[in-house]
Amino acid sequence: MRNAVQRRNHKERAQPAQREKWGVLEKHKDYSLRAKDYNEKKKRLKILREKAIERNPDEFSYGMLSSKTDRHGRRLQDRGHATLSQDAVKLLKTQDAGYLTTMLQQTRSRREKVEQQFHLLKKEEGVQLPGGGHETKSGQHIIFAVDLDEQKTMDSAPQEPDAMTSNQDKLPQSAQSDDTPRGQRQRDLTCMDRHRVAREKAKTLLSLKQQRNARKIRKRQREGQESVLKALQNREKGLSATVQQLDYRRARMSNSVGGVNKAGIKWKIRERKK
């Protein structure tokens with residue numbers, strides 16, 4: 001029952017307002033980590049101090065003759081790589097330039113192919129083209145005809161009302177309100193035409209839905225082609241800059257161009273006067 005009784009929630013003491021500049025108030029676990037790190041560093045310094053005291057000043061090794069240190073006192077060690085001659089370095093840079101040129105040509109050809117496909121997709125969707133042209137879709141209003149004669153009259157006329165409305169308007173007023181067999185037959189024909197028009201409209205709605213899905217698919221394809229095209233353009237730009245930089249370095253190695261030395265002084269190959 002002792003754990004069932006509600007107890008007071010003890011909160012940690014915060015840093016006083018006048019000591020906020022020192023950050024969060026240190027807890028016991030923070031002190032433990034800081035003390036552990038301090039003791040480890042103290043042990044390490046003690047071991048190094050003992051080694052320095054017990055060092056033999058007459059100790060010598062032939063490795064001291066070939067070892068070098070940098071300005072920070074760190075020892076520089078040779079990795080065992082043989083030094084290449086100037087001609088070997090030129091040959092390697094030539095091979096690198098050939099490889100980069102080949103990759104640049106492949107990337108450029110692939111970029112042109114993707115760009116053509118991207119332009120075709122844009123023309124199909126009727127969007128703004130990069131060259132400034134604009135493809136627009138002409139709107140279409142579909143009107144359904146009952147028979148071939150009505151279709152011919154609709155083709156000859158620029159604008160016609162709906163097929164069902166026009167068919168009803170063609171009926172005489174006496175046939176619409178007549179209860180004779182002739183009027184009943186005409187009303188049955190009108191009802192059949194109405195069902196036919198409804199079926200045609202359902203087919204049109206289905207085709208419109210399919211066209212909408214096809215437009216969505218083309219849009220996704222266009223977005224994918226656009227991302228691929230941007231990646232290829234960036235890759236081509238980077239390869240071109242790398243090839244130019246490599247050609248410049250090869251020219252500097254053969255003393256055919258100028259440059260800037262380590263001291264920041266510009267220099268140029270002196271040309272013979274003609």
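Trainee: How does one read a salt bridge here, and with which residue does Arg34 form one?

Mentor: A salt bridge is a side-chain nitrogen of Lys or Arg within 4 Å of a carboxyl oxygen of Asp or Glu. Here Arg34 forms a salt bridge with Glu26, and their closest N and O atoms are 2.9 Å apart. The count by this rule comes to 9 salt bridges. Please note that this is a predicted model, in which local features need pLDDT of at least 70 and side-chain atom pairs count only at pLDDT 80 or more, while totals for chains, interfaces and linings use all residues. Residues are numbered from 1 along each chain as its sequence is written, and side-chain values use heavy atoms, with hydrogens and water left out.

Trainee: How exposed are Arg34 and Glu26?

Mentor: A residue is called buried under 20% relative accessible area, exposed over 50%, and partly exposed in between (1.4 Å probe, protein chains only). Arg34 has a relative accessible area of 48% and is therefore partly exposed. Glu26, at 39%, also counts as partly exposed.

Trainee: Where does Glu26 lie, and which residues does Glu26 touch?

Mentor: Contact means heavy atoms within 4.5 Å. Leaving out residues up to four places away in sequence, Glu26 touches Tyr31 and Arg34. To place Glu26, one needs the helices (H or I, at least four residues) and strands (E, at least two), which are DSSP runs numbered from the N terminus. Glu26 lies in the segment before α1. The C-alpha atoms of Glu26 and Gln15 are separated by 8.5 Å, and these two residues are 11 apart along the chain.

Trainee: How many helices and strands does the chain have?

Mentor: The chain has 7 helices and 4 strands. In sequence order, the pattern is α-α-β-β-α-α-α-α-α-β-β.

Trainee: Which residues are joined into one network by salt bridges that share partners?

Mentor: Let us build up to the network from Arg111, which is placed in helix α3. Arg111 has 16% relative accessibility and so counts as buried. Glu115 forms a salt bridge with Arg111, with the closest N and O atoms 3.1 Å apart. Both residues, Glu115 and Arg111, lie in helix α3, 4 residues apart, which is about one turn of the helix. Glu115 counts as partly exposed because its relative accessibility is 25%. Arg111 also meets Glu236 in a salt bridge between side chains, at 2.9 Å from N to O. This pair links distant parts of the chain, with Arg111 in helix α3 and Glu236 in helix α7, 125 residues apart. Glu236 has 11% relative accessibility and therefore counts as buried. Salt bridges that share partners join Arg108, Arg111, Glu115 and Glu236 into one network.

Trainee: With which residues is Arg111 in contact, leaving aside its neighbours within four places in sequence?

Mentor: Arg111 is in contact with Leu229, Leu232, Gln233 and Glu236.

Trainee: How should one read a nonpolar core, and which residues make up the largest one?

Mentor: A nonpolar core is a set of buried Ala, Val, Leu, Ile, Met, Phe, Trp, Tyr and Cys residues joined through side-chain atoms within 4.5 Å. The largest one has 7 residues: Ala97, Leu100, Met103, Leu104, Leu239, Val243 and Leu246. Helices α3 (86-125) and α7 (181-253) each supply at least two residues of this core. Helix α3 gives the largest share, 4 residues. Leu104 touches Glu236, Leu239 and Ser240, when residues up to four places away in sequence are not counted.

Trainee: How is an aromatic pair read, and how many are there?

Mentor: Rings of Phe, Tyr and Trp (its six-membered ring) pair if their centres lie within 6.5 Å; planes under 30 degrees apart count as stacked, over 60 as edge-to-face and the rest as tilted. By this rule there is 1 aromatic pair. The ring centres of Phe60 and Tyr62 are 5.2 Å apart and the planes stand at 75°, so this pair is edge-to-face. Phe60 is found in the loop between α1 (28-53) and α2 (63-66). Tyr62, at 66% relative accessibility, counts as exposed.

Trainee: What share of the 274 residues in the chain is buried?

Mentor: Buried residues make up 15% of the 274 residues. Among contacts between residues at least 6 apart in sequence, 44% join residues at least 24 apart.
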